[in-house]
Amino acid sequence: MTLLPTSLVGSYPQPDWLIDRKKLAGRFPPRVRVNELWRVEPEWLEQAQDDATLLAIRDQENAGLDILTDGEMRRESYSNRFATALDGVDMDNHGTALDRSGHPNPVPRVIGKIKRRHSVQVRDVKFLRANTDRQIKITVPGPFTMAQQAQNDFYDSEADMALDYAAAVKEEINDLFEAGADYVQIDEPYMQARPEKAREYGLDALNAALEGVKGKTAVHICFGYAAIIHERPEGYSFLPELSGCCVNQVSIETAQSNLDTSVLESLRGKTVILGVIDLSTNEVETAETVAKRIRRALPHVDADKIIVAPDCGMKYLPREVAFGKMKAMADGAALVRAEL
């Protein structure tokens, strides 16, 4: 593997012909299915999503990325496609839960035992594997975050519910590795948003989802999409806790928040997926700006333990901006690679 390999965190902008991007950007990421966002009739939707995925793959290859995702073209949000495919959820009568900014949002209402009835993303991995010869990564929503994005009308405690989400996630992860994924990333943004609960039972759920899993795993912790959550704290409320977790890689943001990278000392031994692209602006970074952001982390993380990435998903950026930033990211990593 190249030193300082580059990758997306997960999402890439969906084409305007596939999804109503104005409607998508004008609301919080959906927790339940929102089929009216799609511009393509149901019978052609999978084909259209496949075509959009091919575009995302080629853009990543052309920009020079080393580890590719499918751009999450088939998802209305990072979490809802998986969370609504599970048993135990009432799909007709949604619940309500507060999102990380304190707004009530329609969410899955849990009325029975959470169980995975079938694999949700195996076809996505197989399609990605068939269409690139580079390493590939797929993302799944984390058990703690899904538990925070649900109305619990069944379990005695949120902790019990999170453990059943973890069992479903673990089954999915095993199937995704079997289907050809090189990396599987668990998205757990709510560990940053709700650190007390994350300490109380979120880490247990994350470890349960990873127990016995063979393959390289990552966890993504973030401050929320820059397009939606505008205020950034200066540091993480939940990060050193992950040092004892059995995940191989931790994905963090440093660009927009100008994070004090010394906090990365607490993750020694883990690979850090280093966010070096600021998604709050449409201004495309220069390769040198990206290189500077990578250099800031080098005193605190060994170079062979860094994967270079954007802060978070690129879903809400205009596509030409996302491509420009992605190329700058690859070029910036190449600059630092040459120095090392």
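In this predicted model, 7 strands come together as an open sheet, and following the sheet across gives the order 1-4-6-7-8-9-10 with parallel pairing. The edges are taken by strand 1 (67–68) and strand 10 (306–309); each has a single partner strand, so one side of each is left without a neighbour in the sheet.

A walk through the middle of this sheet can start at strand 6. Strand 6 (residues 183–187) is joined to strand 7 by 5 bridges in the parallel sense, and along this pairing Y183 stands opposite K216 of strand 7. Strand 7 itself spans residues 216–220 and is mostly covered, with 4 of its 5 residues buried. On to strand 8: strands 7 and 8 run parallel and share 3 bridges, with A218 opposite Q249 in strand 8. Strand 8 (residues 249–253) then runs parallel to strand 9 (residues 271–275), and 5 bridges join the two. Q249 turns up again here, as its bridge partner in strand 9 is T271. A general point helps when looking along any of these strands: in a regular strand the side chains alternate between the two faces of the sheet.

Two loops attached to this sheet hold residues that catch the eye. The loop between strand 8 and strand 9 contains N258, a residue other than glycine whose phi is nonetheless positive, near 50°. With a relative accessible area of 52%, N258 is exposed. E72 lies in the loop between strand 1 and helix 3, and this residue also has a positive phi, of about 55°, although it is not a glycine. Is E72 buried or exposed? Its relative accessibility is 4%, and because residues under 20% are classed as buried, E72 counts as buried.

A second sheet is also present. Here 3 strands form an open sheet in the order 2-3-5, and the pairing is mixed. Strand 2 and strand 5 (151–152) stand at the edges with a single partner strand each, so one side of each has no neighbour in the sheet. Helix 6 packs on this sheet and touches strand 2, strand 3 and strand 5, its direction making about 75° with that of strand 3. Within the sheet, strand 2 (residues 86–98) and strand 3 (residues 104–116) pair in the antiparallel sense over 8 bridges. Two pairs of residues help to place this pairing: D87 stands opposite K115 in strand 3, and D90 has R109 of strand 3 as its bridge partner. Strand 2 and strand 3 form a hairpin with 5 residues between the strands, where G102 takes a positive phi near 90°.

Turning to the helices, helix 2 is a good place to begin. Helix 2 (residues 42–63) packs against helix 4 (residues 122–130) at an angle of about 45°, and the two axes are 11 Å apart. That angle makes helix 2 oblique to helix 4, and the crossing is right-handed. Helix 2 brings E46, D50, T53, L54 and I57 to the contact, while helix 4 brings R123, F127 and L128. Sorted by class, this contact has 4 nonpolar, 1 polar and 3 charged residues. The spacing of such residues along a helix can be read with a general rule: an α-helix has 3.6 residues a turn, so residues three or four places apart point the same way.

Which residues of helix 4 are buried? They are V122, D124, V125, F127 and L128. The cover over the buried residues of helix 4 includes helix 2, strand 1, helix 3 (80–83), strand 4 (135–141) and helix 6 (158–178).

Helix 2 also packs with helix 10 (residues 319–339). Their axes come within 8 Å and cross at roughly 35°, again in a right-handed crossing. On the helix 2 side the contact is made by L55, D59, Q60, N62 and A63, and on the helix 10 side by R319, F323, M326, K327 and A330. The residues of this contact divide into 5 nonpolar, 2 polar and 3 charged.

Methods: Residues numbered from 1 in each chain as written. Predicted model: local features only at pLDDT ≥ 70, side-chain atom pairs only at ≥ 80, totals over all residues. Heavy atoms only, no water. Axes fitted to C-alpha atoms, helices over the stretch in contact; angles between N-to-C directions. Parallel < 35°, antiparallel > 145°, perpendicular 65-115°, else oblique. Left-handed = near helix turned anticlockwise from the far one by under 90°. Contact = heavy atoms within 4.5 Å. Nonpolar A, V, L, I, M, F, W, Y, C, P; charged D, E, K, R; others polar. Pairing = 2+ DSSP bridges. Buried < 20%, exposed > 50% of the residue type's maximum accessible area, 1.4 Å probe, protein only.
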